[in-house]
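Reader: I've got this one loaded in my viewer and I'd like to talk it through. Can you take my questions one at a time?

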Amino acid sequence: MWVQSLYLRSFRNYEEQEVSFHPGVNVLIGENAQGKTNALEAIHLLAVGKSHRTHRDADLVRRGADGATVRAVIHAGGRQRTLELRLGSGGRRALVNGVQQAKMTDFLGHFQAVLFSPEDLLLVKGGPALRRRFLDMELGQTQPAYLYHLGHYQRALQQRNALLRRVPVDEASLEVFDAQLAEHGAQVLRRRMRFLADLAPIAADIYATIADGRETLDVRYASTLPQFGDDGGGGTTLEATAEAEVGTLAEVLLRALRVRRAGDIRLGTTTIGPHRDDLRLTLDGIPAHSFASQGQQRTIALSLRLAEMEFIRRQTGEYPVLLLDDVLSELDDGRQKNLVLAMSEKVQTVLTTTSLFPLTGRLREVARLFSVCSGIIQAEG
Ligand SMILES: Nc1ncnc2c1ncn2[C@@H]1O[C@H](COP(=O)(O)OP(=O)(O)O)[C@@H](O)[C@H]1O
Ligand SMILES: [Mg+2]
């Protein structure tokens, strides 16, 4: 899988820019605030449908312009496609080979990319919302149906929460939204659990390689549903939950929503369900969030990203495009760096850096260089 060319119009600090990439390693080099991350963000946006930095499309549109275009020619599954997103105040338009798609879920799934950035550390250190975002982004780009159910779940959630804040509470309407939450929430839960059942052993293996077996990484889905959580005591194992049928999960979710109803009415919000769930990351059983060293946390984040690469390869038969935003200089540990470099030899890589210093050995020989300055990308040499 690779990106042959990228065209940007009025995207972030780009006015109009076209760039052709090499199927191997591409290095975007430039000072700070020139547009390096913006270029990776654009590629990632075509894969995931969301920016990794903002929820608002308006942030992506060049200040003063009324719309932005991101277009790329990509090769995947033995086919060449042109993917294009047009962002503007009137909403989004998504085109595949020039044909407008009715839904974003029809646009996604053609192309995958995994982005490594210094903020990945927040996957370990940050709050649950960031880890849910990780799940949503990864599942969204390999399974568009996931986004369909997540969207319906979130809409039902907003409506239920609005009802909970209105006195007296309309219990008949709550029933309707509970049913919708259970239906779509079960789909979201099942896909997340399966994803983690696949991802966890891969991440653990990668972690063991980097840490040389010093400690063991465990990744689990921590659900707010008492039957499936690991915080209520007697929680079932990840393996068991990954096997749970959608129907069973929907019943469990529906029952839990009813049990919590009185409490939810008191608090004015829905306190249970996938929107409150988390990933539990532990080293030898101890929560990494509060006890792991900075180096261990970095290794965990890296293991999760590299595991994503493998997961996508297993799902689609091809590795995704690897986007490395300013990370090589941060990888002080030789093993961490070697694993990332080994991956960059197998897949198309676009990486950003402020200096050539972190590029060593073979990488420096094979890399195609591009300078990035004030929103202009130029191939070097
Ligand atoms: N919507 C926008 N319109 C115009 N400029 C923008 C917009 N969003 C970000 N920028 C500019 O892009 C630059 C940052 O680009 P970025 O790719 O993050 O830099 P870096 O090269 O350090 O990775 C900043 O100068 C910022 O002001
Ligand atoms: Mg940057």
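**Ligand shell and domains**

Author: Let's start at the ligand: α1 gives the most to the shell around ligand 1, with three residues. Keep in mind that this is a predicted model.

Reader: Which class, nonpolar, polar or charged, has seven residues in the shell around ligand 1?

Author: The shell around ligand 1 holds 15 residues, and N13, K36, T37, N38 and R63 are the closest. Split by class, three of the shell residues are nonpolar and five are charged. The class with seven is polar.

Reader: Which helix gives the most to the side of domain 1 that touches domain 2?

Author: Domain 1 runs over 1–112 + 320–381, and domain 2 over 120–318. Their contact takes 18 residues from domain 1 and 19 residues from domain 2. On the domain 1 side, α1 (36–48) and α12 (334–346) each supply at least two residues. With four residues, the top contributor is α12.

Reader: And how many residues on that side of domain 1 are nonpolar?

Author: Take the side of domain 1 that touches domain 2 and sort its residues: six are polar and three are charged. The nonpolar count is nine.

Reader: How far does helix α11 reach from its first C-alpha to its last?

Author: α11 covers residues 294–316, so 23 residues, and at 1.5 Å a residue the expected span is 33 Å. Right after the helix comes G317, with a positive phi near 85 degrees. The helix's reach is close to the expected value, at 33 Å.

Terms used. Residues numbered from 1 in each chain as written. Chains lettered and ligands numbered in written order. Predicted model: local features only at pLDDT ≥ 70, side-chain atom pairs only at ≥ 80, totals over all residues. Domains from an automatic or database assignment. Contact = placed C-beta atoms within 7 Å. Nonpolar A, V, L, I, M, F, W, Y, C, P; charged D, E, K, R; others polar. Near = placed C-beta within 6 Å.
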